[in-house]
Amino acid sequence: TQEINRRTVDPAAAEMLEYAESAKMSTAWDRYKAQQPQCKFGLTGVCCRICIQGPCRIIPTKAGMDKGICGADVYTIVARNLVRYIAGGASAHSDHGREIAYTLLAVAEGHAPDYKITDKDKLMRVAKRVGVETEGREVLEIAKDVAIKALEDFGKYDHDPCTWLYTTIDEERKAKFKQTTIAPTAIDRSIAQLLHQTHIGVDADPVNIIFGGLRAALSDYTGMSLATDITDILFGTPVPVLTEANLGVLDPEKINIAVHGHNPLLSQMVVYAARELEAEAKAAGAKGINLVGICCTGNEVLMREGVPTATNFGSQELAIMTGVLDTMIMDVQCIAPGVKDICDCFHTLLVSTSNIAKIPGSYHVEFKEATAMEDAKKIIKLAIEQYAKRKPELVKIPPYKKQVVGGFSFEAMMDLFGKINPDSPISVLTDAIMAGEIKGVCAFAGCNNQKTVHDDPGLTIARELAKRDIFMVSTGCMAGAFAKAGYLSSEGVEAYAGPGLKKFIKRLEENSGLKASLPLVFHMGSCVDNSRIANLWTAMAQNLGITVPQLPFAASAPEAMSEKAISIGSWVISMGIPTHVGVLPPLEGSELVYGVATQIAKDVFGGYFMFETDPMKAAEIIAEKIEKRAWKLKILK
Ligand code: NFS
Ligand code: SF4
């Protein structure tokens, strides 16, 4: 039990981990332990494997080992390794965005019959913003031009900055990115160029390498920004929705299907298909179909359809151990290959759907936009068949779930604020800051990481910031952690909000016209929806007539893990937001690179990284940064 307490603070995960131990099923926690101690060279970023003369491992104090074989200094190596993570992250996010943009194009051209334009108003708003003519034109014509505009952001050959970057940020940031030459002109180019720049014998200048990394990071932003916009156009812009989270959402009497991954093109279709096949599920003896989400594809369908969250990244294997998950449908990103081993201990069918994401032994159903509904139905029928194979003696659902109020897109937030001040919704937030009712805003993002106690850092920091009247929003697997702990419902407000924050949230609540009470932390979506959070801070800065770096706004990725998290963090600091990261990325091997990330970045961009692995200390640091900016702002005004 002591060991388990050091592994997670999620009661459902703890129960499943006890079970895994007694049943001798190995989990990510066990494999993390088996990897200890991890290689110090790798941990500090000083191992170079960029060419096959290597690996070169640097020991700065040891003559002859202070440089790589090619003569690369430690700062070159650390910087190159860092920005290659960004290239990976930006590729993942932007490729996701590209799929969505292609689907909009297919809809416009009539090749994707199962999809449609759901939010015409958003299409019009986006079209106007990106410079697509709307007057007197058919909806599908406009949609086509918006899709093409988005696809151009990937590969256009002029030298203008990407459209989805420059139409969503303020003038001051545009000038900053221009002056520092980090505005990407094409997403693909910036990523390919970064791989070129970090090839052996190209760039040895660490600062120049980091600037190349930031350009790719802004491409990451561009890709996710267009992904969010077009996903809203296709499936609707989220509005507040009531649901639940944690393994207790699994229903022993229903056919349980988990959607896991990131791309809503599939998971959203699964939602539609499940509704149509309800009768078939009943004919098979189940009480119906119960869809649940894991990771960000789960966040997507939570935001738009109220699909409950089963769990987040760190505990994905544990959902299968309940013995009632009939099928796990994966699309792309963050699906741990370890899930297959657990599926093999139960009856769970693992279905892969993307040509670039397969797991040996899983069942592959290729998902195509042209036959989307048919593909989704095929998978659900497989799940219905699978239900009969369930082993009753292996059913074990931990009885934990919490209420969740989600669905806070940027537009939904503005609607909420607009109930109090219809003329200037965002003023409701900024006025509360200027009046000192709340101190500022913290955005939580990112993953689970085995290097921390699962879910604990985010929850601890949020509790501390709540006490200090800091307004909070979240995306990604941190939103999953908050969901499971009751922080995405009024339970969190009652338990943790300081007096000012409570008053603020209650005021919103009284005016909201919603049946549900409002949460402590506002769920703004998947990781690609961090673009919504950027919209929020841009609107706040414009409303106050200040720059983003002057805004009392901070970010935290308490358990950052993926390359995507690194690329997000990098654009967030470029945008001017101080960003806490709760795990040490491999930077410590170079004082220079570490210094650029934590200090020089502040001088150049106003945003910077704060690395702190102790959640209590981290909360202190984040609150202090926000409070200091709020204090300065009040003097300024
Ligand atoms: Ni973001 Fe979301 Fe989760 Fe991390 Fe993975 S699912 S895209 S990368 S682990 S938060
Ligand atoms: Fe070693 Fe240089 Fe090759 Fe890196 S690029 S592995 S430092 S020789």
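Here are four short exercises with worked solutions on a predicted model.

**Exercise 1. The nickel atom**

Find which protein atom is a donor of the nickel atom of ligand 1, and place its residue in the fold.

Solution.
- Start at the metal: the only protein donor is the SG atom of C527, at 2.1 Å.
- Next, locate C527 along the chain: this residue is in the loop between β13 (521-525) and α24 (530-544).
- Now look at the angles: the four donor atoms make angles of 91 to 168°.
- To count as tetrahedral, four donors need all angles between 85 and 135 degrees. The range at this nickel atom runs up to 168°, and the site is classed as irregular.

**Exercise 2. Two ligands and their cavities**

Work out which cavity holds ligand 1 and which holds ligand 2, then describe the residues around each ligand.

Solution.
- Take ligand 2 to begin with: the largest cavity is where it sits.
- Around ligand 2 you will find C48, C51, Q53, G54, C56, G68, I69, C70, I77, R80 and I200.
- Sorting this shell gives seven nonpolar residues, three polar and one charged.
- Turn to ligand 1, which sits in the second largest cavity.
- Its neighbours are H262, C295, C296, F313, C334, G446, C447, C477, C527, M561, S562 and K564.
- This shell splits into eight nonpolar residues, three polar and one charged. The nickel donor C527 is one of the residues in the list for ligand 1.

**Exercise 3. Cis peptide bonds**

Locate the cis peptide bond that joins Q36 and P37 and the one that joins G54 and P55, and say which loops they involve.

Solution.
- Begin with Q36 and P37: omega of their cis bond is about -10°. P37 belongs to the loop between α3 (28-34) and α4 (40-44).
- Go on to G54 and P55, where omega of the cis bond is about 5°. P55 is in the loop between β1 (47-48) and β2 (56-57).
- Link this to Exercise 2: G54 is also among the residues around ligand 2.

**Exercise 4. Positive phi angles**

For N246 and C334, give phi and decide whether each residue is buried or partly exposed.

Solution.
- N246, which is not a glycine, has a positive phi near 110°. Its loop runs between β3 (241-245) and β4 (255-260).
- The relative accessibility of N246 is 1%, so this residue counts as buried.
- C334 is not a glycine either, and its phi is positive at about 70°. Look for C334 in the loop between β7 (325-330) and α16 (338-345).
- With a relative accessible area of 22%, C334 is partly exposed. C334 also appears among the residues around ligand 1.

Terms used
Residues numbered from 1 in each chain as written. Chains lettered and ligands numbered in written order. Predicted model: local features only at pLDDT ≥ 70, side-chain atom pairs only at ≥ 80, totals over all residues. Heavy atoms only, no water. Donors = N, O, S within 2.8 Å, 3.2 Å for Na, K, Ca; no water. Tetrahedral: all angles 85-135°; square planar, octahedral: opposite > 155°, others 65-115°. Helix = DSSP H or I, 4+ residues; strand = E, 2+ residues; numbered from the N terminus. Near = heavy atom within 4 Å. 1 Å grid on protein atoms, 1.4 Å probe; cavity = no way out; pocket = protein on both sides within 12 Å on 5 of 7 lines; lining within 4 Å. Sits in = over half its atoms within 2 Å of the grid points. Nonpolar A, V, L, I, M, F, W, Y, C, P; charged D, E, K, R; others polar. Buried < 20%, exposed > 50% of the residue type's maximum accessible area, 1.4 Å probe, protein only.
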